[in-house]
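Me: I'm new to this structure and would like a close look at a single part of it. Please pick one spot, go through it slowly, and then show me what lies around it.

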Amino acid sequence: MDELSNQWKKARTQLQTTPADSSQLVGRARQRQRSSQYFQLGNILVLTISLIGVGAFFYWLAPVREVLSRVGVACMLGGLLLRIGIEVWSIFKSQKIQLGTTTLQATHEAVGYYSFRKRIHGPITLSIVALYILGFYLLTPEFSQYIPFNWMLLMHGSFVIMAVFLFVQIRKGIKKEMQSLAELIEIENDLQDTATGI
């Protein structure tokens, strides 16, 4: 929240030196809200493609037989489904923020939404990623019966490299979304100040 506070102070200083009417502030707020929603829609698309790809792989190409492997597949698919559900819920939650109203409620909703998304990107995302990784490694005993050791090493090494790459890319997207949400809260605060004449 310190970062949010610093950004708010900076934006407030800019607004004091460059006055903007409330319609401009509302326009900026809507633009930031749309930016966040596009990020979430992009997440849903990527996660859905991944879900279909992983599901198709285990249904047609590598149907697993052992219970441990089936638990692994369930962890992987379940983690993807859970994250898709969270992103859909986030979009609905975002749309409930009444931009342009000059009440404390709008600012409260924006701050609540920001806190919600921060939790999603923190422990919830880490738990889902851990569940997915656990699922992947639960497949190892059965896969090792059919795949030579060298190929198993290559598969696990590739998985780690891909996971690191995806983590870096996702982190960039999360930072961008958090910045948009922080700016949305700043704008709501400025709308409140404009309405009260501060």
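Reply: Below is a short overview, then the chosen spot, then some other places to look at.

Keep in mind that this is a predicted model, where local features need pLDDT of at least 70 and side-chain atom pairs count only at pLDDT 80 or more, while totals for chains, interfaces and linings use all residues. Residues are numbered from 1 along each chain as its sequence is written, and side-chain values use heavy atoms, with hydrogens and water left out.

First, the overall layout. The protein has 6 helices and 0 strands, where helices are DSSP runs of H or I with at least four residues, strands are E runs of at least two, and both are numbered from the N terminus. Along the sequence that reads α-α-α-α-α-α. There are 198 residues, and 37% of them count as buried; buried means under 20% relative accessible area, exposed means over 50%, and partly exposed is in between, with a 1.4 Å probe and protein chains only. Take the contacts (heavy atoms within 4.5 Å) between residues at least 6 apart in sequence: 83% of them join residues at least 24 apart.

Now for the close look, and my pick is Glu-87. You'll find Glu-87 in helix H3, which covers residues 67-95. Is Glu-87 buried or exposed? Glu-87 is buried, with a relative accessible area of 0%. Leaving out residues up to four places away in sequence, Glu-87 touches Gln-40, Asn-43, Ile-44, Leu-47, Arg-117 and Ile-120.

What does the side chain of Glu-87 pair up with? One partner is Arg-83, in a salt bridge whose closest N and O atoms are 2.8 Å apart. A salt bridge here is a side-chain nitrogen of Lys or Arg within 4 Å of a carboxyl oxygen of Asp or Glu. Glu-87 and Arg-83 are 4 residues apart in helix H3, so about one helical turn separates them. Arg-83, at 10% relative accessibility, counts as buried.

Glu-87 also meets Arg-117 in a salt bridge, at 3.3 Å from N to O. This pair links distant parts of the chain, with Glu-87 in helix H3 and Arg-117 in helix H4, 30 residues apart. Arg-117 counts as buried too, at 0% relative accessibility. Shared partners join Arg-83, Glu-87 and Arg-117 into one network of salt bridges. How many salt bridges turn up in a search of the whole structure? The search finds 2.

A charge turns up in another kind of arrangement as well. The charged end of Lys-93 sits over the ring of Phe-116, 5.2 Å from the ring centre; the rule is that NZ of Lys or CZ of Arg is within 6 Å of the ring centre and within 35 degrees of the ring normal.

That brings us to the rings. Rings of Phe, Tyr and Trp (its six-membered ring) pair if their centres lie within 6.5 Å, with planes under 30 degrees apart called stacked, over 60 edge-to-face and the rest tilted. The count comes to 7 aromatic pairs. In one of them, Phe-136 and Tyr-137 have ring centres 5.2 Å apart and planes at 90°, so the pair is edge-to-face. Phe-136 is buried at 11% relative accessible area, whereas Tyr-137 is partly exposed at 35%. Elsewhere, Phe-57, Phe-58 and Phe-143 form one aromatic cluster.

Tyr-137, which lies in helix H4, also leads us out to the surface. Together with Val-129, Ile-133, Val-160, Val-164, Phe-167 and Val-168, Tyr-137 forms a nonpolar patch of about 580 Å² accessible area. The elements giving two or more residues to this patch are helix H4 (104-138) and helix H6 (149-196), and H6 supplies the largest share, 4 residues. Patches are made of residues with over 30% relative accessible area and no salt bridge, joining like charges within 9 Å and nonpolar side chains (Val, Leu, Ile, Met, Phe, Trp, Tyr) within 5 Å. As for the whole surface, the protein exposes about 12000 Å², with carbon and sulfur atoms supplying 67% of it; the areas come from the Shrake-Rupley method with a 1.4 Å probe, and for residues only the protein chains shown count as cover.

One last stop in helix H6 is Lys-175, which is exposed at 54% relative accessible area. Lys-175 and His-121 are 54 residues apart along the chain, and their C-alpha atoms are separated by 9.8 Å.
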